[in-house]
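Biologist: I would like to understand the reasoning behind the labels people put on a model like this one. Could you take me through it?

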Amino acid sequence: MSGLPRKPTGPTWPPGLSPRTARPPQPGASEQADQFRSLDASLLYCPSCRVATPTRERLLLVLPTGNLYEYLCQHCGTSTGSKTDNQ
Ligand SMILES: [Zn+2]
């Protein structure tokens, strides 16, 4: 029982790769985002009100790549942002 080819250094995992496989998702990060999307009451900064205000989503354009929505301030109606909804 001598001369067993035993290498103390087996397969070395690069640090930072192995613990990532069993990593739990961040608590409530994605769920909160989904809730905000369903409520459709995201706050956007309004340059006229100078404060983050609730927005109203309005369909602005229908593009081949998706629908372009515009966010309007609920207080003064100023456009505070836009998004493209990819289908
Ligand atoms: Zn406003």
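Modeller: Gladly. This is a predicted model, and a search of the whole structure finds 0 aromatic pairs.

Biologist: How do you know that there are 0 aromatic pairs?

Modeller: Ring centres would have to lie within 6.5 Å to count as a pair, and the search of the whole structure turned up 0 of these. Tyr-69 does have a partner of another kind: the charged end of Lys-83 sits over its ring, 5.3 Å from the centre.

Biologist: What makes Lys-83 count as sitting over the ring of Tyr-69?

Modeller: The cut-off is 6 Å from the ring centre, together with a position within 35 degrees of the ring normal. Lys-83 is 5.3 Å from the centre of the Tyr-69 ring and is listed as sitting over it.

Biologist: Now the metal. Which residues are the protein donors of the zinc ion?

Modeller: They are Cys-46, Cys-49, Cys-73 and Cys-76, each through SG, at 2.2 to 2.4 Å from the zinc ion. Donors must be within 2.8 Å, so these distances qualify. Along the chain the donors follow the spacing C-x2-C-x23-C-x2-C.

Biologist: Why is the arrangement around the zinc ion called tetrahedral?

Modeller: The 4 donor atoms subtend angles of 100 to 115 degrees. The label requires all angles to lie between 85 and 135 degrees, so the arrangement is tetrahedral. The ideal angle for four tetrahedral donors is 109.5 degrees.

Biologist: With those cysteines present, how many disulfides does the structure hold?

Modeller: It holds 0 disulfides.

Biologist: Are Cys-73 and Cys-76 buried or exposed?

Modeller: Cys-73 has a relative accessible area of 3%, under the 20% limit, so it is buried. Cys-76, at 41%, falls between 20% and 50% and is therefore partly exposed.

Biologist: Why is Leu-72 counted as buried?

Modeller: Its relative accessibility is 18%, which is under 20%, so Leu-72 is buried. Leu-72 belongs to strand 3, residues 66-73. Beyond its neighbours within four places in sequence, its contacts include Pro-54, Thr-55, Gly-77 and Thr-80. Its C-alpha atom is 6.5 Å from that of Glu-57, 15 residues apart along the chain.

Biologist: And what makes Arg-50 exposed?

Modeller: Its relative accessible area is 68%, over the 50% limit, so Arg-50 is exposed. Arg-50 lies in the loop between strand 1 (43-46) and strand 2 (51-63). Its phi is near 60 degrees, a positive value in a residue other than glycine.

Notes:
Residues are numbered from 1 along each chain as its sequence is written. This is a predicted model: local features need pLDDT of at least 70, side-chain atom pairs count only at pLDDT 80 or more; totals for chains, interfaces and linings use all residues. Side-chain values use heavy atoms; hydrogens and water are left out. Donors are N, O and S atoms within 2.8 Å of the metal (3.2 Å for Na, K and Ca); water is not among the atoms, so sites may look incomplete. Four donors count as tetrahedral if all angles lie between 85 and 135 degrees; four count as square planar and six as octahedral if opposite donors are over 155 degrees apart and all others between 65 and 115; anything else is irregular. Buried means under 20% relative accessible area, exposed over 50%, partly exposed in between (1.4 Å probe, protein chains only). Helices (H or I, at least four residues) and strands (E, at least two) are DSSP runs, numbered from the N terminus. Contact means heavy atoms within 4.5 Å. A disulfide is a pair of cysteine sulfur atoms within 2.5 Å. Rings of Phe, Tyr and Trp (its six-membered ring) pair if their centres lie within 6.5 Å; planes under 30 degrees apart count as stacked, over 60 as edge-to-face and the rest as tilted.
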